[in-house]
Amino acid sequence: MRVVAMTPEMLVFAGGLVVLISGSFLPRYRQWWTRTIAAIVLCGALAVAAVLMTAPARTAFEGSFAVDSTTGIARIVVIVGLLLVLAVAGGDIAGSVRESETYALLLFSVSGILVLAGAEDLLVLVTGYLLAGIPLYGLIGLAHSATGAEAAMKAYLMGALFGVILLLGVTTLYGVTGGTRYDELASSLASAPTAAVAAGLLGVLAGLMFEAGGVPGHYWIPDAAQAANGTTAMFVTTVPKVGALIAVYRLVAVFPATVAWPLVIALIAVASMSLGNLAAYWQRDPRRLLGWSTVSQVGFLLVPIAVAGRSEFALPSLLFYLAGYTATNSAAFAVSAALPDRRHLDSYRGLARTRPWLGAALLVALLGLVGTPPTAVFVGKLITATAAWDGGQAWLAVVAFGNSLASLFYYLRWIIPSFQRPTTEPIGDVFAAKNWPACTAVLAAGLSLALGIAAGGVWELLPRSLMS
């Protein structure tokens with residue numbers, strides 16, 4: 001039974017091994033087989049995850065891993081997110097030298113992200129962090145350019161630094177409680193020295209913020225988004241957030257009132273959304289703009305975590321926002337991957353006239369990231385603000401609203417040229433888009449709209465508390 005509980009994680013990891021080994025024996029023009037294998041494995045894991053959600057909530061491996069509705073939703077969102085990434089890869093890296101290795105690294109990283117989402121033990125949390133993070137260095141480094149090497153080195157050095165900080169935090173918490181399981185921490189932290197508990201919490205939070213791409217572990221995100229290929233950029237700015245932020249929610253839920261953790265989370269949220277917005281104002285490369293945008297989005301996603309246990313809307317709003325963000329951000333990056341040579345905002349001038357479906361997908365994605373109805377992120381921002389207000393953090397809801405309004409400026413800098421008339425008459429198809437990423441952009445944008453329109457029905461399916 002314990003093994004069955006983690007079947008999706010094991011399937012994804014085993015799929016990575018199969019892809020890695022089989023890719024070594026396939027010629028380059030047949031590497032697409034490994035993408036097919038990865039997609040089949042993910043569909044199988046998705047089906048198993050859906051079946052496991054019908055079973056009662058429980059823990060596996062002596063309480064170190066939670067198999068509940070939250071874990072099930074995380075599995076579905078992460079796997080769907082990776083399927084969208086694989087679809088973009090069909091036009092972005094097909095036939096490249098390291099195609100099969102890319103798919104293997106993606107699967108290995110996702111298995112770690114899934115472990116993070118269900119971790120109920122600090123040692124399992126560390127394992128998930130390493131398994132999710134280490135493949136990211138390789139994925140970013142596959143971009144054979146000076147900027148790619150710089151981005152990979154920055155991600156590696158920051159990952160190592162925040163990994164050490166996370167281990168220091170785990171060691172501190174273990175030292176003052178004598179346990180690593182969350183139920184042991186819940187019963188011991190209230191009587192432990194407050195300073196030591198606070199130091200341990202800050203260390204673990206810092207490590208998870210690197211994985212999520214939030215302050216203070218965010219500096220590598222814009223470089224990776226700009227320098228990596230479209231497949232990797234789309235993945236690193238989207239999927240890891242799901243596991244990391246759910247891990248943060250599970251962790252803070254066991255911390256006592258002796259530590260002002262809601263204020264710490266709120267301050268990190270404000271710093272992330274504000275810094276991401278300010279930095280995005282001056283960006284001219286669309287992918288770097290999206291990189292800073294994703295830092296800002298982490299701030300919004302942290303808002304419901306700041307009121308964990310104080311509002312019944314906290315957990316469902318986080319899960320809904322994560323699902324909506326995954327679809328919406330994937331659509332934006334898929335557009336950039338469909339037009340890889342367009343690396344300046346002004347170069348998108350006339351896109352909506354030449355490629356109306358692609359222009360519409362970009363419009364839905366960018367206005368969705370702002371929080372415009374009826375997209376999923378609009379509903380996510382609305383209910384996270386409601387959770388903050390309900391949990392006694394009304395000021396945080398006001399700051400989130402102000403940052404959402406401010407973000408409209410830099411998204412419009414990309415939207416407006418796309419709908420303007422070209423400065424010169426186009427000769428041929430100047431917007432020759434890659435088919436797989438273009439179709440993925442339209443699909444993901446449609447998913448964002450569908451999730452927003454059907455938000456009422458989806459909301460009823462979301463858990464109101466952990467282990468439900």
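Biologist: Is Lys434 buried, partly exposed or exposed in this model?

Modeller: Happy to start there, and keep in mind that the model is predicted. Lys434 sits in the loop between H19 and H20. Its relative accessibility is 29%, and buried would need a value under 20%, exposed one over 50%. That value lies in between, so Lys434 counts as partly exposed.

Biologist: Which residues does Lys434 touch, not counting residues up to four places away in sequence?

Modeller: Contact here calls for heavy atoms within 4.5 Å. With sequence neighbours up to four places away set aside, the residues that Lys434 touches are Gly91, Asp92, Ala337, Ala338 and Pro340.

Biologist: How far apart in space are Lys434 and Phe300?

Modeller: Along the sequence, 134 residues separate Lys434 and Phe300. In space, going from C-alpha to C-alpha, the distance is 32 Å.

Biologist: Let's look for empty space. Which residues are the closest to the centre of the largest pocket?

Modeller: Good one to check on the structure! The largest pocket has a volume of about 400 Å³. It is lined by 16 residues, and the closest to its centre are Ile76, Val77, Ala323, Leu451 and Val458.

Biologist: How many charged residues are in the lining of the largest pocket?

Modeller: Helices H4, H15, H20 and H21 each supply at least two residues of this lining. Sorted by class, the lining has 15 nonpolar residues and one polar residue. The number of charged residues in it is zero, that is, there are no charged residues.

Biologist: Which helix gives the largest share of the lining of the second largest pocket?

Modeller: The second largest pocket holds about 310 Å³ of space. Of its 15 lining residues, the closest to the centre are Val370, Gly371, Lys381, Phe401 and Ser404. Two elements give two or more residues to the lining, H18 (376-390) and H19 (394-418). The largest share, six residues, comes from H19.

Biologist: What is the volume of the largest cavity?

Modeller: A search of the whole structure turns up one cavity of 30 Å³ or more. Its lining includes Leu52, Arg58, Asp68 and Ser468, and the lining residues divide into six nonpolar, two polar and two charged. The volume of the largest cavity is about 40 Å³.

Biologist: How much of the span 119-402 is helix?

Modeller: An unreviewed UniProt entry places the feature "domain: NADH:quinone oxidoreductase/Mrp antiporter transmembrane" at these residues. The end C-alpha atoms of the span lie 34 Å apart. Strand makes up 0% of residues 119-402, and helix makes up 75%.

How values were computed: Residues numbered from 1 in each chain as written. Predicted model: local features only at pLDDT ≥ 70, side-chain atom pairs only at ≥ 80, totals over all residues. Heavy atoms only, no water. 1 Å grid on protein atoms, 1.4 Å probe; cavity = no way out; pocket = protein on both sides within 12 Å on 5 of 7 lines; lining within 4 Å. Points joined across faces, edges and corners; volume = space filled by probe spheres on them. Helix = DSSP H or I, 4+ residues; strand = E, 2+ residues; numbered from the N terminus. Nonpolar A, V, L, I, M, F, W, Y, C, P; charged D, E, K, R; others polar. UniProt positions renumbered as here; feature names shortened; annotations may be inferred. Buried < 20%, exposed > 50% of the residue type's maximum accessible area, 1.4 Å probe, protein only.
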